[in-house]
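Hi,

Here is the structure I said I'd pass along. Have a look, and my notes on what turned up are underneath.

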Amino acid sequence: MIEAMDTEFLKTFLEVCRTRHFGKAAENLCISQSAVSARIRLLEETLGVPVFTRKRNDIQLTPAGQRLVKHAEHITLAWGRVRQDVALGDDGPRLLSVGAVSSLWDITLQDWAQWVYRTHSELALTLEVQRGDSLIRQLQEGALDLGFVFDAPLIPELKAEHVMDIPLIMVSTEPGQSVADALGGRYVMVDWGTAFAVAHAQNFPDQPTPRVRVELGRMALALIMACGGSAYLAEPMVSRAIEGGQLYQVQDAPVIQRAAHALYKPGGGNERFAEVLGYFSRAAGKAGA
């Protein structure tokens, strides 16, 4: 029986959800595949329902498993926060729990996190990569203090603060390409969110169906650098490759701006976010100088 609470069972469940593979989950968790199977079996026995359907090379969540995901995410994150917060003690640093969609970590938040770590010794950091829906839910439930997303939701209990505009530019491995050529057979479509998809469709209504679609900018960058092609990528991701002559900006393609926002619950001492979020306005000022 799972007592209150062996969170390793829930961590294992979430890893199988993510990989859809018991062997890969075992490898990522540094345990045996039989241990993964045993944990999932005990979890299902405790809940009284199956959480996965298992077919050869096809592991899917059951309806009960789908409902469990949000609870498992909340419990594991909250328990990690409790352990860190209690261990810090009364005189220790204050905990700041931060989540972000992965694309923003790749583009700019690594630099921000490093700056906070270097300059704010009074803060103990927990940094998480989250899906947008999970991140918003955990902010609402208090499992996260601060979240970073592209498309800010209209949720009364969360404050959305614009922190930066990220220019997305079309780049190609071939110099001097026209937009029509760049949108041809080797164009990689990146999911930069709803606003980008709308702007992309408005700018290129007659675009051929892309051969490849990817979720993350870094996936597209690695693909075109290895195999050739073109994609819309965040300028900070590709500036060095452009300077080095590995990539070329497609000059007649429009720049599509994406706004990034910080989300948090107002009040409750969260005024402390003003200092750590001030990094972005200072960075923008230096860039514009």
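Helix H1 (residues 7-19) does what the arithmetic says: at 1.5 Å a residue, its 13 residues should span 18 Å, and the end C-alpha atoms are 18 Å apart, so the two agree. Bear in mind that this is a predicted model.

H1 is also largely enclosed by the rest of the structure, because ten of its 13 residues are buried. Among them are Phe 9, Leu 10, Phe 13, Leu 14 and Val 16, but also Thr 7, Thr 12 and Glu 15. Just after the helix, Arg 20 takes a positive phi of about 55°.

On to the cores. The largest nonpolar one has 67 residues, and the members touching the most others are Trp 112, Phe 148, Met 170, Trp 192, Tyr 232, Leu 233 and Leu 277. Helix H5 (residues 102-119) supplies the largest share of this core, eight residues. Apart from it lies another core of 18 residues, which include Leu 10 and Phe 13 along with Leu 68 and Val 69.

Trp 192 is a good one to click on. Leaving out residues up to four places away in sequence, its contacts include Ile 107, Phe 150, Leu 168, Tyr 232, Leu 233 and Met 237, plus Ser 103 and Arg 258.

For the whole chain, there are eleven helices and eleven strands, and 45% of the 289 residues are buried. Of the contacts between residues at least 6 apart in sequence, 73% join residues at least 24 apart. The accessible surface is about 15500 Å², with 51% of that belonging to carbon and sulfur atoms.

Cheers

Methods: Residues are numbered from 1 along each chain as its sequence is written. This is a predicted model: local features need pLDDT of at least 70, side-chain atom pairs count only at pLDDT 80 or more; totals for chains, interfaces and linings use all residues. Side-chain values use heavy atoms; hydrogens and water are left out. A nonpolar core is a set of buried Ala, Val, Leu, Ile, Met, Phe, Trp, Tyr and Cys residues joined through side-chain atoms within 4.5 Å. Buried means under 20% relative accessible area, exposed over 50%, partly exposed in between (1.4 Å probe, protein chains only). Helices (H or I, at least four residues) and strands (E, at least two) are DSSP runs, numbered from the N terminus. Contact means heavy atoms within 4.5 Å. Accessible areas come from the Shrake-Rupley method with a 1.4 Å probe; for residues, only the protein chains shown count as cover. The expected span of a helix is 1.5 Å times one less than its number of residues.
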